[in-house]
Structures are given as C-alpha cells and as structure tokens.
Amino acid sequence: MGILGTENAREFSSAIKGETIEDTIRVVDGYADMIILRHHETGSADRAAAVSRVPIINAGDGKGEHPTQALLDLYTIQKEKGRLDDLVVVIGGDLKHGRTARSLAQMLSLYPSNQIRFVSTPDLQIGQDIKESLKNNGVIFEETEDMYAALDGADVIYWTRLQKERIEGNTLQAGFTLGEAALSAIKEDAVIMHPLPRVDEIAPEVDADPRAAYFRQAENGLYVRMALIDSLLGRTDT
C-alpha cells in the first residue's frame, strides 16, 4: 500500500492557480483507491464525492462536519460507559465553528433517550441546522451559559477549544475552563472528552484524573480509522 499526500494543498498545488475541488478530485482519483480529504471550505467533501470514482473520507470540511472524529468519539463513549443510549452529554466550548461538536450531536441523535446540554456564549452557539436536526429526531437538548449547571449529573463531558483560526478575538469567558473546581462538580463515573488539540479550556491538572479520557480517545482514533479504511477497501483478511 502506498500513500500520496500533500500538506497545505491550497498553497502548493494547482488550487493556488484556481483549479476547482472537482477537477482536483478527478485527477487524483486516477492515482488512488481512496481519497482522505481535509478542506477549508464547508461542503467540500460533498462536492468531491459527487465527482469521485473512489471512496472519499471526509477528514473535516471547514465549519461543516468531521464524521471520522464522531465515529471515534462514539467508540470512546461505548468503551468508557458501556452504552450509547440513555446518556446525558454536555458539549461545550466553541460550538459555532467547531465541526466535531456538530458531528457528535448528530451521531448521538441516532440512539434513544440521549439528552444533550450545549454550553457556550450566545455568539458561539451550535448552528440552527443542528438544532433542527435534533428536534426532528426527538432529541431533548438545552442551551446554557452556566457550565456548572450543565455539568451536574452529566455522563459525558465533551469540551472543545476556541477556533481562533476562524474568528477574531477570544469571546469565551474564563468560566468555561474545566479545572479542579469542575472535577468536584461532576459525577464519579463521568467521562471527560476533547477532540484535541487542547489549549487552555482544560487545565493540565485534569489530566491525572481517571475520568479524563481525551488521550485514550485520541488513541482510539487510530483503530477506528484503520477499521474504516479496511471496510472501504473491502479487505476480508482482518
């Protein structure tokens, strides 16, 4: 198996000359059995899939979706909690620009009796399209700025960073940092997750707590993505 890769393709590939994503995919799929695409434009994965002859894995498209992250997040929740239903899940941080929060919320809606508590400032709330999707699937959810109220009774706490590359200024307040005070406010069997990279939204002292699962979560990504690639390539020897 060989790998063809490019970093910062919009700076060093034909994209800088004005080539469309559709034309790029049509060229690349002549050389590959699968394309793993991370792109700065929301909706780029759908555009690529519409013209590609080989499978496209969406590795993140702008502020849109990050489905492979959501898969490994579900796998982590299953391993840590033993179930994917009847959970109270807190999703907090920059929910407007964070694609991982969007994908996870939609995945959780596929399992019965889950409740979601979104924690953010008013200008960083989850998109209306996600809220409409949750309503259509009958998922109970709420939005709040009160982190400690949201943490009370939560089974899973999914924290995210401020997407500084997509917005100007830091609009998250200091009260949105998970630290020692937050640890004393959550259940003994709660799970703390983060898609990484972490900046300052989770204090380093949280790392030693057994409820902190974000590094185990990152490791799970290796196995989940290996399984996904095997599945798409039709391997039967694993």
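This report describes the nonpolar cores, helix H4 and a buried glutamine of a predicted model.

The largest nonpolar core comprises 24 residues, and those with the most contacts inside it are Ile77, Ile91, Leu104, Leu108, Ile116 and Phe118. At least two residues of this core come from each of the elements tabulated below.

| Element | Residues |
|---|---|
| Helix H4 | 67-81 |
| Strand E3 | 88-92 |
| Helix H5 | 99-108 |
| Strand E4 | 115-119 |
| Helix H6 | 128-136 |
| Strand E6 | 156-159 |
| Strand E7 | 191-193 |

H5 provides the largest share of this core, five residues. A second core, separate from it, has 20 residues, including Met147, Ala150, Ala190 and Val206.

Beyond its neighbours within four places in sequence, isoleucine 91 is in contact with Ala101, Leu104, Ala105, Leu108, Ile116, Arg117, Phe118, Val119 and Tyr158.

Helix H4 has 15 residues and spans 21 Å from its first C-alpha to its last, close to the 21 Å expected at 1.5 Å a residue. Its buried residues are Thr68, Gln69, Ala70, Leu72, Asp73, Leu74, Thr76, Ile77 and Lys81. These buried residues pack against strand E2 (56-61), H5, E6, E7 and H9. Just after H4, glycine 82 adopts a positive phi of about 80 degrees.

Glutamine 217 belongs to helix H9, which covers residues 214-232. This glutamine counts as buried because its relative accessibility is 1%, the cut-off being under 20%. Apart from neighbours within four places in sequence, glutamine 217 is in contact with Gln69, Leu72, Asp73, Thr76, Tyr158, Met193, His194 and Pro195.

Note on methods
Residues numbered from 1 in each chain as written. Predicted model: local features only at pLDDT ≥ 70, side-chain atom pairs only at ≥ 80, totals over all residues. Heavy atoms only, no water. Core = buried A, V, L, I, M, F, W, Y, C linked by side-chain atoms within 4.5 Å. Buried < 20%, exposed > 50% of the residue type's maximum accessible area, 1.4 Å probe, protein only. Helix = DSSP H or I, 4+ residues; strand = E, 2+ residues; numbered from the N terminus. Contact = heavy atoms within 4.5 Å. Expected span 1.5 Å × (residues − 1).
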